[in-house]
Amino acid sequence: IAILLDMSASMGAREFKQVIMHIDTMIKARKLTKVWFHIIGFGSSNINDIGNYYSKVKGSRLKQEMMTKYKNDAGWMTDFLPGVVFAAHKVHRPDAVIIMTDAEFNGNLDKFRKDSKASMFMKKNKNKIIWALTKNARLQYVKDYDPTAISKKRYIKFKKGGHERDDDDWN
């Protein structure tokens, strides 16, 4: 399972921690403690930075790894392209791709669409992608990068005290 984790400055610490706690709850409930997770922190335009925020851990260590190594202190912009390209190189056939973000992407959408590695990764895994979004995430930005995510309801917005789909944002 690949987890693309937004390490940008716009990801608030509270939201960041809340999403991690929900992921941990799902892992325990579904008994995924022995499953391997590829954690890829994204946001930097430099793919070498992305490599510094990559880990492969079992589900039993996922929460601990994310709470220590991925403290959301990178302060990057939200350039999605290098993170997806990195994932395409590291995770060849994921069972699932979880993208944890506030979806405030700053990268060039046209450049993303023209990048064969990134486009192919998103298309090849489109039915495996789940967007775990903060409460203020803009669904239009998600749709820009993953056109079927909204219509196929492959996203969840984490809100204070729980989570819910926020279809009203789309109307």
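Helices here are DSSP runs of H or I with at least four residues, strands are E runs of at least two, and both are numbered from the N terminus. Counted that way, the protein chain has seven helices and seven strands. Keep in mind that this is a predicted model. Walking along the chain from the N terminus, you meet the elements in the order β-α-β-α-β-α-α-β-α-α-β-α-β-β.

Now for the overall picture. The protein chain has 171 residues, and 49% of them count as buried. The chain exposes about 9000 Å², with carbon and sulfur atoms supplying 48% of that area. As for how the fold is wired, take the contacts between residues at least 6 apart in sequence: 72% of them join residues at least 24 apart.

Let's turn to the charges. Side chains of opposite charge can pair when their charged atoms come close. If you count a salt bridge whenever a side-chain nitrogen of Lys or Arg sits within 4 Å of a carboxyl oxygen of Asp or Glu, the count comes to two. One of them links the side chains of Lys28 and Asp24, with an N to O distance of 3.1 Å. Both residues belong to helix H1 (residues 13-29), and because they are four residues apart there, about one helical turn separates them. Their surroundings are not alike: Lys28 counts as exposed because its relative accessibility is 53%, while Asp24, at 10%, counts as buried.

The other pairing is between Arg154 and Asp146, whose side chains meet at 2.8 Å, N to O. Here Arg154 is buried, and Asp146 is buried too.

There is also some charge gathered on the outside. Arg93, Lys117, Lys124 and Lys128 form a patch of positive charge on the surface. If you want a landmark for finding that patch, Lys124 is found in helix H6, which covers residues 116-124.

Next, a look at the backbone. Most residues other than glycine have a negative phi. Against that background, Ala103 is worth a click: it is not a glycine, yet its phi is positive, about 60°. You'll find Ala103 in the loop between strand S4 (97-101) and helix H5 (109-114). Is Ala103 buried or exposed? It counts as buried, since its relative accessibility is 0%.

Lys153 is another non-glycine residue with a positive phi, in this case about 55°. Lys153 also sits in a loop, the one between helix H7 (139-145) and strand S6 (155-159). With a relative accessibility of 38%, Lys153 counts as partly exposed.

Two asparagines round off the tour. Asn136 lies in the loop between strand S5 (129-133) and H7, and its relative accessibility of 55% makes it exposed. Which separation goes with Asn136 and Phe158? They are 22 residues apart along the chain, and their C-alpha atoms are separated by 9.0 Å.

Asn52, for its part, is in helix H2 (residues 47-52). Asn52 is exposed as well, with a relative accessible area of 54%. Eleven residues along the chain lie between the positions of Asn52 and Gly41, counted as sequence separation, and their C-alpha atoms are 8.4 Å apart.

Definitions and conventions: Residues are numbered from 1 along each chain as its sequence is written. This is a predicted model: local features need pLDDT of at least 70, side-chain atom pairs count only at pLDDT 80 or more; totals for chains, interfaces and linings use all residues. Side-chain values use heavy atoms; hydrogens and water are left out. Patches are made of residues with over 30% relative accessible area and no salt bridge: like charges are joined within 9 Å, nonpolar side chains (Val, Leu, Ile, Met, Phe, Trp, Tyr) within 5 Å. Accessible areas come from the Shrake-Rupley method with a 1.4 Å probe; for residues, only the protein chains shown count as cover. Lys and Arg count as positive and Asp and Glu as negative; His and the chain ends are not counted. The place of a charge is taken as NZ of Lys, CZ of Arg, CG of Asp or CD of Glu. Buried means under 20% relative accessible area, exposed over 50%, partly exposed in between (1.4 Å probe, protein chains only). Contact means heavy atoms within 4.5 Å.
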